[in-house]
Amino acid sequence: MIVRPLVALMAAQALALPVAAQAPTSAAADTASPRAAIAAATRLAEWQLGRMSDTATVSRATHETKNPRAWEQAVFWVGMTALADAGKSPKIKQAIMAMGRANEWQPGAKPYFADDHAITQSYLWAARNGAGASAMAPTKATFDRILAKPAVTTLAFAVPPAGYGDTECLTRWCWCDALFMAPPALVALTQQTDDPQYRDFAMKEFWATTDFLFDPVEHLYYRDSRFFDRRDDKGRKQFWSRGNGWVFAGMARIIPLLPKGSADRVRMERLFVEMAVRLKGLQKPDGYWAPSLLAPENAPPESSGTGFFTYGMAWGIKAGLLDRPTYEPVVRRGWAGLVRAIQPDGRLGWVQQVSDRPEKVEPTDTQYYGVGAFLLAATAVADLNLR
């Protein structure tokens with residue numbers, strides 16, 4: 001169990017490293033207004049939509065980058081569903097529907113692999129927004145198969161001689177990114193079918209992963225078990241910004257779908273607040289979070305982790321879980337950093353490329369999932385009605 005007593009949570013807040021509050025300039029306030037935030041998101045979405053099959057903008061393309069059902073593009077489409085809800089642009093909705101039809105509403109190729117479930121979040125949105133039951137059917141069939149025969153394996157991350165892709169525990173959620181990819185879809189499927197088995201499975205596995213990867217001292221997640229003993233040259237633990245961003249944003253997507261007052265919701269809300277307290281203290285004065293969260297010195301801007309954290313913080317304020325006077329400055333700084341990351345050619349820059357740990361980042365580095373994080377952040381910032 002990782003639920004903490006309220007006293008412990010308050011103590012953690014008192015120990016969090018302070019970040020000097022900065023009053024927003026009028027220009028910064030303007031970029032955070034609902035109209036400006038949605039306009040920025042729409043411009044970026046249109047930029048990305050024009051380049052969905054052009055991976056030349058991605059500085060480190062993988063074998064999955066061009067795959068429209070794999071996680072890299074899937075996270076962009078998750079952000080698009082939020083923008084469609086917030087911006088009410090017919091073009092955004094039409095793009096989501098066209099993508100789903102082109103994919104024949106199919107999840108990724110590996111039925112037990114959480115990354116291949118991320119795209120189903122957009123299919124379930126489409127099913128709820130006019131595409132109908134056919135958009136949901138392949139997703140339901142995939143999850144039915146998993147529930148009928150759940151994977152039985154350790155959560156220890158051991159890469160075999162055959163290579164990373166053959167790591168046995170990848171059939172479960174043994175890496176923290178998975179908590180964004182799969183459980184929001186399973187919980188959404190319960191909402192749309194009134195069948196609790198999908199949510200129950202998701203929560204069981206979510207807590208198993210959390211009990212394994214969450215560090216109760218640092219209030220952060222290890223990316224996977226290979227990082228338990230890793231330390232940097234100053235003896236600090238290595239907590240990856242985007243890895244923790246996946247979890248924090250994933251909880252913001254899961255919590256609203258859980259029954260109010262349920263044990264899972266209460267526990268997850270407390271975990272969300274616990275992480276928020278720690279993350280608040282780790283934000284740099286420039287608004288970004290460092291790629292390695294405990295190593296801020298000389299850290300470059302990094303927009304994917306920052307996007308997910310800004311989204312989660314803004315959502316948490318709106319949901320009443322985070323105190324607005326305390327956390328609104330965090331959101332404002334994070335959003336201002338994200339806006340500054342937009343490059344002269346319209347791309348979102350400073351996105352760490354595909355990895356499983358903190359690495360270098362360049363101004364022109366962009367990626368579909370970074371854009372997805374920006375869209376989620378923009379819609380949540382707009383929802384706060386900042387002035």
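**Exercise 1. Determine how helix 11 and helix 12 are oriented to each other, and which residues form their contact.**

Solution. Helix 11 (241-254) and helix 12 (residues 263-282) are helices in the sense of DSSP runs (H or I, at least four residues), numbered from the N terminus. The model is a predicted one, in which local features need pLDDT of at least 70 and side-chain atom pairs count only at pLDDT 80 or more, while totals for chains, interfaces and linings use all residues. Residues are numbered from 1 along each chain as its sequence is written, and side-chain values use heavy atoms, with hydrogens and water left out.

Begin with the axes, which are lines fitted to C-alpha atoms, for helices over the stretch in contact, with angles running from 0 to 180 degrees between N-to-C directions. The two helices pack at an angle of about 140°, and their axes are 10 Å apart. Next apply the classes: under 35 degrees is roughly parallel, over 145 roughly antiparallel, 65 to 115 roughly perpendicular, and the rest oblique. Helix 11 and helix 12 are therefore oblique to each other. Their crossing is left-handed, a term used when the near helix is turned anticlockwise from the far one by less than a right angle, with right-handed used if the turn is clockwise.

For the contact itself (heavy atoms within 4.5 Å), helix 11 contributes Asn244, Val247, Phe248, Met251, Ala252 and Ile254, which meet Met268, Leu271, Phe272, Met275, Ala276 and Leu279 of helix 12. By class, the residues of this contact comprise 11 nonpolar, 1 polar and no charged, where Ala, Val, Leu, Ile, Met, Phe, Trp, Tyr, Cys and Pro count as nonpolar, Asp, Glu, Lys and Arg as charged, and the others, Gly among them, as polar.

**Exercise 2. Follow helix 12 to its contact with helix 13, and compare the span of helix 12 with the expected one.**

Solution. Start with the length: the expected span of a helix is 1.5 Å times one less than its number of residues. The 20 residues of helix 12 should therefore span 28 Å, and its end C-alpha atoms lie 29 Å apart, in agreement with that value. Then consider burial (buried is under 20% relative accessible area, exposed over 50%, partly exposed in between, with a 1.4 Å probe and protein chains only); 14 of the 20 residues of helix 12 are buried, so that the helix is mostly covered.

Finally, the axes of helix 12 and helix 13 (residues 303-318) come within 11 Å and cross at roughly 125°, and the two helices are therefore oblique to each other. Helix 12 passes helix 13 in a left-handed crossing, where Phe272, Ala276, Leu279 and Lys280 of helix 12 meet Phe309, Gly312, Met313, Trp315 and Gly316 of helix 13. The residues of this contact divide into 6 nonpolar, 2 polar and 1 charged.

**Exercise 3. Describe Pro301, which lies in the loop between helix 12 and helix 13.**

Solution. With a relative accessible area of 18%, Pro301 is buried. Setting aside neighbours within four places in sequence, Pro301 is in contact with Tyr288, Trp350 and Val361.

**Exercise 4. Compare the span of helix 6 (residues 120-131) with that of a straight helix, and place Leu124 within helix 6.**

Solution. A straight helix of 12 residues would span 16 Å at 1.5 Å a residue, whereas helix 6 spans only 13 Å between its end C-alpha atoms. Just after helix 6, Gly132 takes a positive phi of about 85°. The buried residues of helix 6 include Thr120, Gln121, Tyr123 and Trp125, and what covers the buried residues includes helix 4 (71-87), helix 7 (133-148) and helix 9 (183-193), among others.

Leu124, which belongs to helix 6, counts as buried at 1% relative accessibility. Apart from neighbours within four places in sequence, Leu124 is in contact with Met136, Thr139, Ala185, Ala188, Leu189 and Gln192.

**Exercise 5. Establish the relation of helix 4 to helix 15 (residues 368-383), and then locate Gln48.**

Solution. The axes of helix 4 and helix 15 come within 7 Å and cross at roughly 20°, which makes helix 4 roughly parallel to helix 15. The contact of these helices has 13 nonpolar, 4 polar and 1 charged residues.

Gln48 is found in helix 3 (residues 34-49) and, at 2% relative accessibility, counts as buried. Beyond neighbours within four places in sequence, Gln48 is in contact with Phe76, Gln367, Tyr368 and Val371.
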